[in-house]
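Please open the structure in a viewer and keep the sequence panel visible beside it. The stops below say what to select next and what is found there.

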Amino acid sequence: MPREPRFPIAADPFTHSGGRVSRRSVLVGGLGAAMIGGLTACAHDEQPDIDPPRLGAHAADDELPPEQSPAEIPSEGPALITGSFRSAKMGGRETRWAVARPDGVTGRLPVVVVLHALNTNEQSIFSEKQQMQNVLQRYVDDGGVPFALASADVGRNYYHRRTDGADGAAMILDEFLPMLEADEALNLSTERIGLFGWSMGGYGALRLGALVGSPKVAAVSVSSPALWADPRNFPPRAFDSAADYRVNSLFGQQSAFARIPLLICIGSSDQFFTYTRQWAADLHPPAAFGTSAGGHTNRYWRSVLPDHVEFLGRNLAR
């Protein structure tokens with residue numbers, strides 16, 4: 001029998017079949033409650049708890065160990081559909097993308113755009129380290145409304161226009177989403193989308209959510225977003241100058257989420273914990289905010305993926 005979902009979901013409007021997608025080359029609770037006891041969501045990691053870093057002590061470090069592409073993708077679960085296109089928004093470079101649809105599902109699916117972290121790529125969320133496609137498959141098998149996952153490689157761009165002229169956010173909005181909609185073989189709808197990201201991609205998902213807004217964005221769900229609250233204390237990999245920080249910082253932009261369902265998960269020993277809590281405190285209404293023991297690691301991010309998938313699925317189904 002399907003499990004009882006933590007979040008209410010609508011009835012499944014899609015038809016299921018035994019087919020398999022082939023590979024192509026080409027929460028309820030506010031900030032206060034979460035800080036007191038944590039939510040059920042985002043509370044699975046078993047790493048030892050460490051006091052959060054002090055605000056302004058040093059610039060939080062979002063550099064992750066570099067990952068190769070293509071990544072090592074699990075043989076079980078939904079097949080990964082991959083391709084590339086030449087992106088004018090990324091300076092004309094060939095830009096890789098990857099899509100995963102749950103097995104056993106036919107028909108047009110809504111899509112969650114996955115925004116990757118620094119030193120990772122479009123396949124990282126599907127790799128052995130995280131396996132979001134298999135989390136999605138279990139959610140669908142348990143009765144959740146199906147959706148697809150789609151990711152594109154932005155390199156180290158940080159999802160805004162940089163001095164080299166490349167703009168990862170513009171690539172996602174002006175090139176990648178139209179490509180997904182137009183590709184009949186993918187059979188995806190981008191009329192309403194979900195956004196998910198972690199670390200650099202968590203910042204990116206929040207920024208794109210603020211840019212696009214409701215009702216186009218059905219929900220935003222992030223892990224450990226790379227946020228800097230101090231305009232004097234940020235790394236040049238994230239912003240090119242103080243003026244660039246002022247234009248693209250999310251501090252002061254919280255009102256953009258007044259009508260967008262938002263889930264934030266972050267480990268209590270994550271270096272972005274204090275900045276993220278400070279940013280979330282100015283959200284009205286408050287976001288679903290979950291914290292538990294854990295750091296800025298794949299182990300923590302993998303542990304909370306079921307909560308992200310369920311949250312995104314529930315809101316895409318509305």
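**A guided tour of the predicted model**

Begin by selecting Ser199, which is found in the loop between strand 5 (188–198) and helix 4. The model in the viewer is a predicted one. Although Ser199 is not a glycine, its phi is positive, near 55 degrees. Most residues other than glycine have a negative phi. Is Ser199 buried or exposed? Its relative accessible area is 0%, so Ser199 is buried, the limit being under 20%.

Next, select Tyr158, in the loop between strand 4 (148–152) and helix 3 (168–182). Tyr158 also has a positive phi, of about 70 degrees, without being a glycine. Its relative accessibility is 0%, and Tyr158 therefore counts as buried.

**The sheet**

Now display the strands. An open sheet of eight strands appears, with mixed pairing and the order 1-2-4-3-5-6-7-8. Strand 1 (80–87) and strand 8 stand at the edges; each has a single partner strand, so one side of each is left without a neighbour in the sheet. On average, and with direction ignored, neighbouring strands of this sheet are turned by 20 degrees against each other.

Start at the edge formed by strand 1. Strand 1 pairs with strand 2 in the antiparallel sense, over eight bridges. To see one of these pairings, select Arg86, whose bridge partner in strand 2 is Glu94. The two strands form a hairpin with five residues between them, and in the turn Gly91 has a positive phi of about 75 degrees.

Continue from strand 2 to strand 4, where the pairing is antiparallel over four bridges. Select Ala100 here: its bridge partner in strand 4 is Leu149.

Move on to strand 5 and strand 6, which pair in the parallel sense over six bridges. Leu195 has Val220 of strand 6 as its bridge partner. Keep Val220 selected for the next stop.

**The nonpolar core**

Which residues touch the most other members of the largest nonpolar core? They are Val220 and Trp228, in a core of 91 residues. Helix 7 gives the most to this core, with eight residues. Show the surroundings of Val220: residues up to four places away in sequence aside, Val220 touches Leu195, Ala205, Leu206, Gly209, Phe257, Ile260, Pro261, Leu262, Leu263 and Phe311. Leu195 thus appears twice on this tour, as a bridge partner of Val220 and in its list of contacts.

**Helices**

Select helix 7, residues 298–316. From its first C-alpha to its last, this helix of 19 residues reaches 26 Å, close to the 27 Å expected at 1.5 Å a residue. Look along the helix for a kink of about 40 degrees at Val304, shortly before the proline Pro306. Helix 7 is largely enclosed by the rest of the structure, because 15 of its 19 residues are buried.

Turn to helix 6, which lies across strand 7 (262–267) and strand 8 and runs at about 155 degrees to strand 7. How many of the eight residues of helix 6 are buried? Six are, and the helix is mostly covered. The buried residues are Phe273, Thr274, Tyr275, Thr276, Trp279 and Ala280.

Then select helix 2 (residues 132–141). Helix 2 lies across strand 2 (93–100), strand 3 (109–115), strand 4 and strand 5, and runs at about 165 degrees to strand 4.

**Loops and cis peptide bonds**

In the loop between helix 3 and strand 5, select Leu186. With a relative accessibility of 0%, Leu186 counts as buried. Add Arg108 to the selection: Leu186 and Arg108 are 78 residues apart in sequence, and their C-alpha atoms are 8.4 Å apart in space.

The tour ends at two prolines. Most peptide bonds are trans. A cis peptide bond, however, joins Ser214 and Pro215, with omega about 10 degrees. Pro215 lies in the loop between helix 4 (200–212) and strand 6 (217–223). Where does Pro285 lie? Its place is the loop between helix 6 (273–280) and strand 8 (288–292). Select His284 together with Pro285 to see the cis peptide bond that joins them, with omega about 0 degrees.

Methods: Residues are numbered from 1 along each chain as its sequence is written. This is a predicted model: local features need pLDDT of at least 70, side-chain atom pairs count only at pLDDT 80 or more; totals for chains, interfaces and linings use all residues. Side-chain values use heavy atoms; hydrogens and water are left out. Buried means under 20% relative accessible area, exposed over 50%, partly exposed in between (1.4 Å probe, protein chains only). The expected span of a helix is 1.5 Å times one less than its number of residues. The bend at a residue is the angle between axes fitted to the seven residues ending there and the seven starting there. A nonpolar core is a set of buried Ala, Val, Leu, Ile, Met, Phe, Trp, Tyr and Cys residues joined through side-chain atoms within 4.5 Å. Contact means heavy atoms within 4.5 Å. Two strands pair if DSSP finds at least two bridges between them. Axes are lines fitted to C-alpha atoms, for helices over the stretch in contact, and angles run from 0 to 180 degrees between N-to-C directions.
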